[in-house]
Amino acid sequence: MTDLAHYRNIGIFAHVDAGKTTTTERILKLTGKIHKIGEVHDGETTTDFMDQERERGITIQSAATTCFWKDYRFNIIDTPGHVDFTIEVYRSLKVLDGGIGVFCGSGGVEPQSETNWRYANDSKVARVIYVNKLDRIGADFYRVVKQVEEVLGAVPVVMTLPIGTEDEFSGVVDLLTEKAWVWDNSGDPMNYVIQDVPADMVELVKVWREKMIDQVADQFDDVMESYLDGETPDIETIKRCIRKGTIHLDFFPTFCGSAFKNKGVQLVLDGVIDYLPCPTEVNPQPEVDLEGVATGTFAIVDADRPLRALAFKIMDDRFGALTFLRIYSGKIEKGTNVLNTFTGKTERIGRIVEMHADTRNELESAQAGDIVAVLGMKNIQTGHTLCDPKFPATLEPMVFPDPVISLAISPKDKAASEKMGIALGKMIQEDPSFHVETDEDSGETILKGMGELHLDIKVDILRRTHGVDVIVGKPQVAYRETITKTVEDEYTHKKQSGGSGQYGKINYRIEPGEPGSGYVFESAVTGGNVPREFWPAVDKGFKSMLDKGVLAGFPCLDFKVVLLDGAFHAVDSSAIAFEIAAKAAFRQSIPKAGPQLIEPIMKVDTFTPSDHVGDVIGDLNRRRGMIKSQDAGASGVRIKSDVPLSEMFGYIGDLRTMTSGRGQFSMEFSHYMPCPKNVAEEVIKEVTERNKAKAK
């Protein structure tokens with residue numbers, strides 16, 4: 001039986017280009033998992049193993065690996081930084097106990113760092129902070145610490161201070177032991193000496209060490225009392241205080257270094273052991289019923305309890321579908337049967353493997369606290385719970401955002417058509433934020449995703465991994481429709497054709513809802529004119545019409561239907577009659593309620609060198625953007641704005657042209673807003689023409 005106190009399930013997450021994958025690579029080298037370090041810019045890193053990742057130098061899917069440091073087992077997940085793949089960060093955080101938030105020493109707290117930090121807060125994941133790239137021009141550790149406080153609203157507890165800046169960065173001072181770790185320039189992470197603090201830093205170290213103790217001493221009353229009496233706590237006591245506060249998310253131990261130059265990573269690994277929780281120290285996962293309502297029971301991390309495991313990722317590779325599991329309680333063994341509570345079916349565990357990026361080690365069994373992959377699961381999807389068939393339970397599921405952009409594709413020939421269906425089926429299983437639909441009129445296949453890059457990668461995977469050649473249409477925006485006026489109306493459905501007929505009369509009010517409220521139905525019927533058993537049928541009738549609005553056939557959002565009154569016939573009325581009445585009522589009344597096209601607005605975060613700010617703001621204004629804020633940093637300006645998605649296609653090319661290749665941006669869906677009249681007319685005209693062309 002493995003000692004769970006020696007387990008650390010951690011994720012590494014950050015903004016694009018802050019050095020997550022490089023940091024992971026250094027950790028694997030230091031722990032003896034790999035012997036040669038690969039670099040992102042050479043396309044040779046361990047965890048970026050997809051062709052698309054190696055070519056583009058970005059992480060696209062989270063990769064899991066296991067390594068050991070000082071007899072502690074680390075299950076590590078390296079996550080993507082690009083906003084189109086935040087789903088990978090979200091689902092990884094869901095199953096982790098702790099994390100390392102990596103920040104760039106010169107870029108500081110960047111847009112995607114904020115999003116990932118917010119996800120980690122929502123998932124209540126304890127973190128240590130690693131300020132990386134301190135060897136770069138413009139790097140400033142103290143500025144990044146201030147940004148963590150101001151931008152993220154977090155409390156960093158500084159554990160190490162940098163020795164030297166930019167190209168003179170040579171090591172770090174450990175505030176706990178008040179010793180300096182200095183590396184030579186050989187690039188070997190093991191070539192370091194531990195020596196006294198440099199003379200010019202003695203005062204600085206004293207100030208920051210005192211600040212650190214001030215921040216953490218109040219975790220235990222006895223420590224606080226003796227500290228107030230002038231007694232400085234010993235190192236073990238300080239560690240105990242920091243560990244407690246980190247696990248409770250009161251503050252975040254903050255380290256510094258340069259992963260690329262192999263400086264400072266050992267102290268981060270020690271910090272993971274000393275301050276991040278083991279599986280038994282985090283809040284247990286809540287269990288829910290099939291409707292998703294909490295039952296008040298929890299999956300306690302214990303190998304002797306019944307099995308509870310969450311499938312958080314499905315990956316298709318050359319050996320078949322791999323299902324990544326986080327085991328919360330109990331254990332699984334090769335060849336045993338487990339129950340999938342979502343499908344209600346039992347499945348047999350084929351093989352259990354411990355992952356190391358895209359290679360694997362076979363295991364006979366795995367237990368609570370482990371993150372493993374299993375082969376041979378047939379009907380499983382991300383977010384499903386696997387449990388002991390004798391003691392069924394469902395874990396809290398994952399919630400995924402709706403796609404905001406779509407793309408039409410069609411296979412080049414009949415052979416490609418069959419392969420495409422199988423390939424897309426596998427890709428949907430792997431990525432819950434990727435949706436596929438078939439346009440009934442044209443027969444085209446519509447891919448839906450989180451952004452241009454997301455869909456671009458999916459098409460690339462179709463072509464290269466699955467060998468399916470497709471013709472790609474231009475990206476389409478996920479417009480929606482809503483209403484602007486309240487309408488009171490009535491509709492009677494009457495049908496007599498010999499035998500029992502159909503009869504249902506409804507009086508109703510349709511009114512605009514709050515943005516983001518979706519569709520709401522309520523009944524205000526009194527006196528039994530419409531019997532209670534027919535109310536769900538009226539609701540179902542209206543709900544079934546939501547997918548096709550009256551303006552251009554886009555789904556309808558944000559309105560409320562109130563059933564006021566009506567009439568029924570003792571013989572001829574039925575649920576189906578009232579459902580048909582509601583469908584016809586929708587078609588009759590929505591055109592009278594001031595229908596309006598609404599468009600997705602994206603939260604855009606643009607970084608530009610200072611001398612191009614005017615051009616970038618002017619360009620965002622031309623794209624109908626609303627500038628929210630500008631923050632000047634050491635290396636440039638961050639501009640936050642809200643911009644309609646329809647205006648953002650091809651933005652990266654224009655931004656690079658304006659900023660001589662130095663600009664960057666990230667965007668994520670924010671909310672829906674009414675389209676200006678001229679834009680709405682253009683969209684409706686385009687949809688009408690497309691429909692006419694399909695009809696021919």
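Trainee: In this predicted model, which residue of β34 stands opposite Y519?

Mentor: Reading a strand pair begins with asking which residues face one another along the ladder. Here Y519 has F559 of β34 as its opposite, and the strands concerned, β33 and β34 (residues 559-567), run parallel and are joined by five bridges.

Trainee: In what order do the strands of that sheet lie, and with what pairing?

Mentor: The strand order tells you which strands are neighbours in space, whatever their order in the chain. This open sheet of four strands reads β31-β32-β34-β33, and its pairing is mixed. Because β31 (487-495) and β33 (519-523) stand at the edges with a single partner strand each, one side of each has no neighbour in the sheet. If direction is ignored, neighbouring strands are turned against each other by 25 degrees on average.

Trainee: Which strands of the sheet does helix α12 touch, and which strands does α13 lie across?

Mentor: For a helix on a sheet, one looks at the strands involved and then at the angle to a chosen strand. Helix α12 (residues 535-544) packs on the sheet and touches β32 (502-512), β33 and β34, its direction making about 155 degrees with that of β33. Helix α13 (residues 575-589), for its part, lies across β31, β32 and β34 and runs at about 40 degrees to β32.

Trainee: How many aromatic pairs does a search of the whole structure find, and how are the rings of F559 and F586 placed?

Mentor: A ring pair is read from the separation of the centres together with the angle of the planes. The search finds 13 aromatic pairs in the whole structure. The centres of the F559 and F586 rings are 6.3 Å apart and their planes stand at 45 degrees, so this pair is tilted. Since F559 belongs to strand β34 and F586 to helix α13, the pair ties together parts that are 27 residues apart in sequence.

Trainee: At what angle do α6 and α8 pack, and how far apart are their axes?

Mentor: With two helices, angle, axis separation and handedness are read together. Helix α6 (residues 202-216) packs against helix α8 (residues 235-247) at an angle of about 55 degrees, the axes being 9 Å apart, and the two are therefore oblique to each other. The crossing in which α6 passes α8 is left-handed. R209, M212, I213 and V216 of α6 make the contact with I235, I238, C241 and I242 of α8; of these contact residues, seven are nonpolar, one is charged and none is polar.

How values were computed: Residues numbered from 1 in each chain as written. Predicted model: local features only at pLDDT ≥ 70, side-chain atom pairs only at ≥ 80, totals over all residues. Heavy atoms only, no water. Axes fitted to C-alpha atoms, helices over the stretch in contact; angles between N-to-C directions. Parallel < 35°, antiparallel > 145°, perpendicular 65-115°, else oblique. Left-handed = near helix turned anticlockwise from the far one by under 90°. Contact = heavy atoms within 4.5 Å. Nonpolar A, V, L, I, M, F, W, Y, C, P; charged D, E, K, R; others polar. Pairing = 2+ DSSP bridges. Phe/Tyr/Trp six-rings, centres within 6.5 Å; stacked < 30°, edge-to-face > 60°.
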